[in-house]
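Trainee: Could you take me through one part of this model in detail? I would like to see how a single residue sits among its surroundings.

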Amino acid sequence: MGTDNKAVRKDHQACHILVIRLSAMGDVAMTVPVISVLLRKYPNLRITVATRKFFAPLFSSLENVSVYEVDVTGKHKGATGLWKLFGELKRLEPDAVADLHHVLRSNTLKLFFSQTGIPFIQIDKGRAEKKALTASRNKIFEPLKTTHERYADVFKKLGFPLELAPPVFQPKETLSERTVELLGHDRKKWIGIAPFAAYEGKMYPLGLMKTVIKSLEKANRYKIILFGGGKKEESELHALSRQFTNTVPIAGHLDFKDELALISNLDLMLSMDSGNGHLAALYGVPTVTLWGVTHPYAGFYPFGQDPQNALLAGREQFPQIPTSVYGNKYPKGYEEAMATIAPEAVVRKIEQLLSGTAP
């Protein structure tokens, strides 16, 4: 979807593409491998990513990429703020705009850009297909195009086709002194665990997660690093860590840049269907994901990960899965779907991946 403007392609000279993706963390993270592949194939391209200030570290390892900070709660809030943002973005002189968000804000920007003649191509989110996948009746249960592929389609429409396979991962980053101080030096393998999600139906029961951590701790081969954000989560993670010897919470101790560097150095990440899984996947870190009322078929599976790294709730007991794309809607009782994933299965998958014996 997009304007009727003619696509832009300049293979042998600098071409400047403005990319719009304002939120959320996982969705912004999923732009990184696509942009990385794009720049490998078209090294003369220059990319400006319009996003929130917090997400800027995601793009720090990409050459020819700069971040334009968008303040949607401050100076760029509302119609007046978007008009101001349009003026600022126009002064960057982009040759084309790739809207990877396609929400009310970016639709408003599209309207403003329509007067400039600058090509403005928007992502096709496949809303009708996702509605059919999550329907309670006459559900069409089949895998949809991934979000990464939908992002790539936007660049293809602008005249820059690309292939996402084989995957391109970001390089491992150097740990900060603060991180080394927190985690110390040992030869244990580092397992990141991000136990929280935005909605209850996407979160593994904390009691079962404690069973997973207890089993991993018993092996005495791993250091467990707990990830999460927000005051409530921070408090719960610190309380959880006090029950174990080799478990360290980093919530509230590191900024996002240092947290990314830490994630890049993990041996494995255990995550819900949430942003931390996507962050680990950027660096090619083996990522085990747990899925409750959502499902990988909706297209949000972490980049470059083996499909067998996903452990799914039982659809025999909960046949309406996936009940929604984001996990915010589900029938009564479906918040229990995650409990059908046995802790033993989670531990077994982790140990298989770390020992190199995964099927």
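Mentor: Happy to; here is a close look at D258, followed by the largest pocket. This is a predicted model, where local features need pLDDT of at least 70, side-chain atom pairs count only at pLDDT 80 or more, and totals for chains, interfaces and linings use all residues. Residues are numbered from 1 along each chain as its sequence is written, and side-chain values use heavy atoms, with hydrogens and water left out.

D258 belongs to helix α10, residues 256-264 (helices are DSSP runs of H or I, at least four residues, numbered from the N terminus). The residue is buried, that is, under 20% relative accessible area with a 1.4 Å probe and protein chains only. Even so, D258 has no salt bridge (a side-chain nitrogen of Lys or Arg within 4 Å of a carboxyl oxygen of Asp or Glu). K257 is the nearest side chain of opposite charge, 5.0 Å away; Lys and Arg count as positive, Asp and Glu as negative, while His and the chain ends are not counted.

What D258 does have is a side-chain polar contact of 3.3 Å with S176 (N or O atoms within 3.5 Å, one able to donate a hydrogen and the other to accept it; residues adjacent in sequence count only if both atoms are side-chain atoms). Beyond its neighbours within four places in sequence, D258 is in contact with S176 and T179, meaning heavy atoms within 4.5 Å.

Now to helix α6, residues 147-157: its buried residues include H148, R150 and Y151. Among the elements covering them are α1 and α2. After α6 comes G159, with a positive phi near 100 degrees.

Definitions and conventions. Helix = DSSP H or I, 4+ residues; strand = E, 2+ residues; numbered from the N terminus. Buried < 20%, exposed > 50% of the residue type's maximum accessible area, 1.4 Å probe, protein only.
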